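Open the structure in your viewer and keep the sequence panel beside it. The tour moves from the whole chain to single residues, one selection at a time.

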Amino acid sequence: MPVIRIVHRTSAPAAEAWSRLTDWERHGAQVPLTRTIIETAPPTHQGTIFIARTGVGRITFDDPMEVVLWHPPAADSPGLVRLEKRGRVVTGWAEIEIRPLPGRGSEVHWREELRLRGLPRVLDPLVAAAGRLLFSRALTRLLER
C-alpha cells in the first residue's frame, strides 16, 4: 500500500487546527468533484461514519470512513484522530496528529495508507505522489480561515 506522510506547521493553535482539520464536510470542498456526507449525528466521536463521494453524474464512487480513534488535543498534549477506510474502491487508513508548538502554533502530521482496489501495485508510487499532492493542498486550505 502506498504510504503518504505530510508534515505541516501552522500558526493556528492545536485546538483551532484540530477543529479545522476534523470538520469532515470541509474536506469534501477541498477535493475536486467530491462532497462529504456525514452519516452519524454530531459531534464527531469514535464511531462517527462519513462518506467522501467523488465523481460526476452517475460515474461516482464512495469512500466510507469510520473514526476509530478520537483524542482531541488538550493543553500541551497532542491530538490524534484515526480513520479506517471501509470502501469497495478505496481501502486503508488515515491519521491526523496535531502537536502544539512552544509559544504559539502547531505541527500537523498527516499519515495515510491508501489502496485503490483493482489497481496494480506497480502504480503505488504514482498513487502516493498524487495523494501527497492532493492531501497537501487540502491540508493547506483546511488550515486557512
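The stops below say what to select and what is there.

**Stop 1: the whole chain**

Select everything and colour by secondary structure. This is a predicted model. The chain holds 3 helices and 7 strands. Read from the N terminus, the order of elements is β-α-α-β-β-β-β-β-β-α. The radius of gyration is 15 Å, close to the 15 Å that the globule rule gives for 145 residues, so the chain is as compact as a globular protein of that length. Along the principal axes, the C-alpha atoms fill a box of roughly 45 × 35 × 25 Å.

Now turn on the surface. The accessible surface of the chain is about 8100 Å², and 57% of it belongs to carbon and sulfur atoms. Of the 145 residues, 43% count as buried. Contacts can also be sorted by sequence distance: among those between residues at least 6 apart, 46% join residues at least 24 apart.

For the charges, select the positive and negative side chains in two colours. There are 21 positive and 16 negative side chains, and the centres of the two sets lie 5 Å apart.

**Stop 2: the nonpolar core**

Hide the surface and select Leu 21, Val 81, Leu 83 and Ile 98. Within the largest nonpolar core, which has 28 residues, these four touch the most other members. Elements that each supply at least two residues of this core include β1 (3-10), α1 (14-21), β3 (49-56) and β4 (59-71). Further along the chain, β5 (79-86), β6 (90-100), β7 (106-116) and α3 (124-143) also each supply at least two. Which element gives the most to this core? It is α3, with 6 residues.

Stay with Ile 98 and show what surrounds it. Setting aside residues up to four places away in sequence, Ile 98 touches Ala 14, Ala 17, Trp 18 and Leu 21, among others. Its other contacts on that count are Pro 78, Gly 79, Ser 106, Glu 107 and Val 108.

**Stop 3: a buried residue in β7**

Select His 109, which lies in strand β7. Is His 109 buried or exposed? Its relative accessible area is 12%, so it is buried, the cut-off being under 20%. Show the contacts next, leaving out residues up to four places away in sequence: His 109 touches Ile 6, Val 7, Glu 95, Ile 96, Glu 97 and Arg 99. Then draw a distance from His 109 to Arg 5. These two residues are 104 apart along the chain, while their C-alpha atoms are separated by 7.2 Å.

**Stop 4: from β2 to the loop after it**

Go to Thr 34 in strand β2. At 15% relative accessibility, Thr 34 counts as buried. Leaving aside neighbours within four places in sequence, Thr 34 is in contact with Gly 28, Ala 29, Ala 52, Arg 53 and Thr 54. A distance line from Thr 34 to Thr 140 joins residues 106 apart along the chain, and their C-alpha atoms are separated by 17 Å.

Next, select Pro 42 and Pro 43. A cis peptide bond joins them, with omega about 0°. Pro 43 is found in the loop between β2 (34-38) and β3.

**Stop 5: two residues with positive phi**

Select Leu 33, in the loop between α2 (24-30) and β2. Leu 33 is not a glycine, yet its phi is positive, about 60°. Its relative accessible area is 57%, and Leu 33 is exposed.

Then select Ala 75, in the loop between β4 and β5. Its phi is near 50°, again a positive value in a residue other than glycine. Ala 75 has 80% relative accessibility and counts as exposed.

**Stop 6: helix α3**

End at Arg 141, which lies in helix α3. How exposed is Arg 141? With a relative accessible area of 35%, Arg 141 is partly exposed. Beyond its neighbours within four places in sequence, Arg 141 is in contact with Arg 26 and Gln 30. For a last distance, connect Arg 141 to His 45: they are 96 residues apart along the chain, and their C-alpha atoms are separated by 23 Å.

Methods. Residues numbered from 1 in each chain as written. Predicted model: local features only at pLDDT ≥ 70, side-chain atom pairs only at ≥ 80, totals over all residues. Heavy atoms only, no water. Helix = DSSP H or I, 4+ residues; strand = E, 2+ residues; numbered from the N terminus. Rg over C-alpha atoms; globule rule 2.2 N^0.38 Å. Buried < 20%, exposed > 50% of the residue type's maximum accessible area, 1.4 Å probe, protein only. Contact = heavy atoms within 4.5 Å. Areas by Shrake-Rupley, 256 points an atom, 1.4 Å probe, with all protein chains shown as cover. Lys, Arg positive; Asp, Glu negative; His and termini not counted. Charge placed at Lys NZ, Arg CZ, Asp CG, Glu CD. Core = buried A, V, L, I, M, F, W, Y, C linked by side-chain atoms within 4.5 Å.
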